[in-house]
Amino acid sequence: MQEPQTQHRTCNICEAMCGLIITHDGDQVLSIKADPDDPLSRGHICPKAVALQDFRTDPDRITKPLQKIDGAFVEVEWEDALDFAAEQIRAVQDAHGRDAVGVYLGNPNAHKFGNLMNLPGLVKAIGTSNRYSSATADQIPHHVASIHMLGHPMLIPIPDIDRTDFMVIIGGNPLISNGSMMTAPGFGRRIEELQARGGRVVVIDPRRTETAEKADEHHFIRPETDANLLLAMIHVILAEGLEHTDHLAPLIDGIDVLRTEVAPFTPDHATKSTGINADTIRNLARAFAQAESAVCYSRMGASTQSFGSLCQWATNVLNIITGNFDSQGGAMFTTPALDYVGMTSRKGKARSYPERRSRVSGLPLYNGEFPVSVMAEEMETSGEGQIKALVTVAGNPVLTAPNGRRIDRAMETLDFVMSIDIHLNDTTRHADLILPGTVALEEMIYDIVFHSFAVRNTAAYAPAVFAPPNNNPQEWEIIARLQAKLMGANTIGPAPEQVLTALLARGFHADDVTIPKLEATQGSVDLGPLVPNLSTRLETPEGRIMLAPKVFLDDLPRLLAQGDAQDPERPFVMIGRRQARSHNSWTQNSARLVKGRNRCTLQIHPQDARNLGISDSDSVQVSARVGTIVLPVELTSAMAPGVVSIPQGWGQEKGQLDAATRVQTVSINDLTDDTRVDPVSGNAAFNGVSVALALA
């Protein structure tokens, strides 16, 4: 045992990047505490950060390669495992073609620098176009809006919450998520600071969330009607001459077209769908336009619905036409030390969108990915391009993708499944080969994606705290070695630290941010507040902001025709919810995160429960088109009448290496419907699912 050592690093479980101080003895963690001096998180921490140690020491963790032989998993050597993987992938492709191998990438990859740098090479080596990820389950509408309006999928506007006077939050709960597509740790404190300087926070949500409880106002809204609200606000601003585009005016195209297209979306029209009073909508629009600075932030509830792309487009439009885009206190753009937009610049390159459409349903491919909603049908439907094998990396789509049990059944038919993962779970149980992944404390950390989404420019690097178990390779090396096997190469590419060094030298802060300087800092480096920079970074072919792209205008008639689609057989509308102690499905193996009361409940308004004869803590059967689950009820007036809520991605299978004795888990995605999507982006419509309730 060594003397206690201390390392400053950021947490990479969720998007918040909270600064941590980790004390360890070289073998085990002694403490994980918040870093009070971190310039972004400022001493904030949540329970998930303390649980980082649990994923390393989890007794159910897979730590040696496992090959399924005669129906049972058997430990094998690394070289044999990689040879087997390459042989099986090529055998499937020799028999059925390159696209017969699908690839699914889970959420943790977004936080793993080495994975992000090496996964594109692996996908290219496999040679398939059947690529999927968690991005099309929750965020692709943001990227689609940025592609068509600004020219690059990662040129994402970020709310400048620390300097705004007025913030409207639609379908987001950043007090719990600490931001999503907006890295803002300690959001509750940020709300308090906004209010202390005389600012105002308004939340629009079918549930009175934890964020809504701290806000100045909360308005219930019917699920899937947010685009009507946004367009009504835009209508009021344009009709009353309240628009002002300020410094961006010379760069904006399409405002006259926009004025014509939003004419039918009046506050009176929006009232019928949203349930929000027309005068309330008018007053909200006027206040937003007349505020010294304002920002509208629309997130999960607005993205994961049938009109997700319209919501994100309209959110950008609202910020732009009120002079709150690329300006202090509005929606701004980071200048990160590692400039991912510049690194993947598309300026001067001819591109058409969507890039392709899926083979069966014809849903769009963006950023080289098909929507995860079509993955099951691509396995089930015969013909050229049918998926006959699947490679998953840190992903569990059976629990986190819509209609997960359909994916579960489809995976049973595959010729070969390989997973890089740390658990046997609902997805990896299908694997013919599991390669054990590494966890956060065994990897270097530089959060390339979320520094790009942060409400303040910072940079943070830290090396691995511990070595992987059994002298295993890190995940990036597993990916690189498999790529080399597929390509017949004898060597792999450079280590992540070498790549990071080269990329930092090309970024916005090359002189101030290097790995040695970051290591010497003992924590995050403060690179200052967000600054206006859009005029030099636009990547549209015209070099202008496209306010009214045809792809969104063409979808407006569908929204205008939206009526009361209540299903008499399934009269309730289901939405998801985020919880501070949970992140998708994989954190459910941490005892410290799942202890205490059961938080996987169906929340329902007390009056709705009384009408059904349901009492608090009763078990209720929830039925949707695709399936049925049973879980306990939680009565709360925080739910809008007619709306119920279940946590997203709940469940983790513990210690069940024998498939015959596996534990069935409760998942909202046994109810979500893979045929319900946003047709513009292909994003899954998790929210707004019609369900029926009955006592179990």
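With 696 residues, this protein would have a radius of gyration near 26 Å if it were a compact globule, and its value of 24 Å agrees with that. Keep in mind that this is a predicted model. Along the principal axes, the C-alpha atoms fill a box of roughly 70 × 65 × 50 Å. Inside that box you'll find 27 helices and 28 strands.

How much of the protein is buried? Of the 696 residues, 63% count that way. If you look at contacts with a separation of 6 or more, 75% of them come from residues 24 or more positions apart. As for the outside, the accessible surface is about 24,500 Å², and carbon and sulfur atoms make up 49% of it.

Now for the charges. There are 61 positive and 82 negative ones, yet their mean positions are just 1 Å apart. The salt bridges come to 39.

Let's visit a few of them. Glu477 and Arg481 pair up at 3.9 Å, N to O. They sit 4 residues apart in helix 21, about one turn of the helix. Glu477 is partly exposed, because its relative accessibility is 26%.

Another bridge, also 3.9 Å from N to O, joins Asp678 and Arg558. Asp678 lies in the loop between strand 27 and strand 28 while Arg558 belongs to helix 25, so this pair ties together parts 120 residues apart in sequence. Asp678 has 0% relative accessibility, so it counts as buried, whereas Arg558, at 29%, is partly exposed.

Some bridges share partners, too: Arg405, Asp408, Glu412, Asp426, Arg429 and Asp670 are joined into one network that way.

Note on methods:
Residues numbered from 1 in each chain as written. Predicted model: local features only at pLDDT ≥ 70, side-chain atom pairs only at ≥ 80, totals over all residues. Heavy atoms only, no water. Helix = DSSP H or I, 4+ residues; strand = E, 2+ residues; numbered from the N terminus. Rg over C-alpha atoms; globule rule 2.2 N^0.38 Å. Buried < 20%, exposed > 50% of the residue type's maximum accessible area, 1.4 Å probe, protein only. Contact = heavy atoms within 4.5 Å. Areas by Shrake-Rupley, 256 points an atom, 1.4 Å probe, with all protein chains shown as cover. Lys, Arg positive; Asp, Glu negative; His and termini not counted. Charge placed at Lys NZ, Arg CZ, Asp CG, Glu CD. Salt bridge = Lys/Arg side-chain N within 4 Å of Asp/Glu carboxyl O.
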